[in-house]
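Work through the exercises below with the model open. Each task is followed by a solution in short steps.

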Amino acid sequence: MQQTIDTIFETPFEEEVYRGLTDFPKHLSSKYFYDKKGDKLFQDIMNMPEYYLTDREYEILETHKEKIAQLFSSGKKAFNLIEMGAGDGKKTKVILKYLADRNIPFKYQPIDISQNVLDLLEKSVRKELPEIDLETQQGTYFETLEKINITNGSKKVILFLGSNIGNLLHPQAIEFLTHLQEFMHDEDLLFVGFDQKKNPQTILDAYNDKAGITAAFNKNILTRVNTELGGNFDLDQFLHWEVYNPETGTAKSYLVSKKKQSVEIKKLNVKIDFAPWETIHTEISQKYDDATVAKLAEKSGLQIETQFADPENQYKNYVFKKTLA
């Protein structure tokens, strides 16, 4: 049983940590993996040989950049290229460079909640592609999209790469995509990366590398609780564990308590008790096939315009338009 005292939450992080760790089963949101250290760990993950997602999507963009650029720039003369969760922009720069080299007019507007990520991205883009019209947008996806919609009437191409959609269960993904299409006009495009179902071992290896980088990334949420909320988690006493269900296409990440233990979080005035081998669920990574993506689109008011895949169909980028009434 958890021993708690009434507390007032000053931030969403505080509230979600409190709610998640006093719930049963325990859970924490993967969005809190990311701070300066977490951002660096995720860059390291994307460079791991086991983490095929980055290479497959990069391969798709590099192979099909001409068709993708034509698709993006069709219609009105200029467009806004809006990227949600851009990261280091490694993959996006393939398209940015192709568009810039051909003097195709567009504005690049990367959105991220992390100002640190945006600062690093802006620095690299201005150095490598100084001719690009760049305007970073710090904030949540939907708040920023609303602001862009109000201030600009240009065609929008919204990028959501890296299979970040996979962090949502299907009902959540439908809600997310439905909200996105509400910001779209008839000519706008939504370009989304979906990791595909494949050999289960390939998926498990991608999320549980032998070097332990993914484990450190998951445990970074416990480090944040320690440093920001006065917690005393002993990270060595938690095991990172990954499972994958090939029937549902759902990969799940857990932190597992190796022993009976208690953790105090001073800022939340709470003591959290763990039984031996009790879990904290930290992340899901959903995998897809064509039929599943088509159902998500249909229920979200979207239609599939086209798709791009790597030669082995391990990963696909789907292009959606708003379904016409």
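**Exercise 1. Salt bridges**

Task: How many salt bridges does the model contain, taking a side-chain nitrogen of Lys or Arg within 4 Å of a carboxyl oxygen of Asp or Glu?

Solution. The model is a predicted one. By this rule, the count comes to 19 salt bridges. One of the linked groups is a network of Glu10, Glu14 and Lys267.

**Exercise 2. A pair within one helix**

Task: Locate the salt bridge between Glu15 and Arg19 and classify both residues by accessibility.

Solution.
- Step 1: the closest N and O atoms of Glu15 and Arg19 are 3.7 Å apart.
- Step 2: both residues belong to helix H1, with a spacing of 4 residues, about one turn of the helix.
- Step 3: an α-helix has 3.6 residues a turn, so residues three or four places apart point the same way.
- Step 4: Glu15 is partly exposed because its relative accessibility is 33%. Arg19 is also partly exposed, at 45%.

**Exercise 3. Two pairs that span the sequence**

Task: Is Asp195, a partner of Lys287, buried or exposed? Then treat Lys197 and Asp289 in the same way.

Solution.
- Step 1: Asp195 and Lys287 form a salt bridge with an N to O distance of 2.8 Å.
- Step 2: Asp195 sits in strand S8, while Lys287 is in the loop between S13 and H11, 92 residues apart.
- Step 3: the cut-off for buried is under 20% relative accessible area. Asp195, at 0%, is therefore buried. Lys287 has 1%, so Lys287 is buried too.
- Step 4: Lys197 and Asp289 also form a salt bridge, with closest N and O atoms 3.7 Å apart.
- Step 5: Lys197 is in the loop between S8 and helix H9 and Asp289 in the loop between S13 and H11, so this pair ties together parts 92 residues apart in sequence.
- Step 6: Lys197 is partly exposed at 30%. Asp289 is partly exposed at 27%.

**Exercise 4. The two sides of H11**

Task: Which residues of helix H11 (290-299) are buried, and why do they line one face?

Solution.
- Step 1: the buried residues are Thr292, Val293, Leu296 and Ala297.
- Step 2: viewed down the axis of H11, they fall within an arc of 135°, so they line one face.
- Step 3: the face turned away from the buried side carries exposed Lys295, Glu298 and Lys299.
- Step 4: the cover over the buried residues includes H8 and strands S8, S14 and S15.
- Step 5: Gly301 follows H11 and has a positive phi near 75°.

**Exercise 5. Nonpolar cores and a surface patch**

Task: Which residues have the most contacts inside the largest nonpolar core?

Solution.
- Step 1: they are Phe72, Leu81 and Ile265, in a core of 64 residues.
- Step 2: helix H5 gives this core its largest share, 6 residues.
- Step 3: another core of 25 residues lies apart, and includes Met84 and Phe160.
- Step 4: on the surface, Leu239, Trp241, Val243 and Trp277 make a nonpolar patch of about 410 Å². Trp277 is exposed because its relative accessibility is 55%.

**Exercise 6. Backbone exceptions**

Task: What is the peptide bond from Phe24 to Pro25, cis or trans? Next, inspect phi at Ser163 and Asn269.

Solution.
- Step 1: most residues other than glycine have a negative phi, and most peptide bonds are trans.
- Step 2: the bond from Phe24 to Pro25 is cis, with omega near -5°.
- Step 3: Ser163 has a positive phi near 55°. Ser163 is buried, at 8%.
- Step 4: Asn269 has a positive phi of about 55°. Asn269 is partly exposed, at 37%.

Definitions and conventions. Residues numbered from 1 in each chain as written. Predicted model: local features only at pLDDT ≥ 70, side-chain atom pairs only at ≥ 80, totals over all residues. Heavy atoms only, no water. Patch = residues over 30% accessible without salt bridge, like charges linked within 9 Å, V, L, I, M, F, W, Y side chains within 5 Å. Areas by Shrake-Rupley, 256 points an atom, 1.4 Å probe, with all protein chains shown as cover. Buried < 20%, exposed > 50% of the residue type's maximum accessible area, 1.4 Å probe, protein only. Core = buried A, V, L, I, M, F, W, Y, C linked by side-chain atoms within 4.5 Å. Helix = DSSP H or I, 4+ residues; strand = E, 2+ residues; numbered from the N terminus. Arc of directions from axis to C-beta. Contact = heavy atoms within 4.5 Å.
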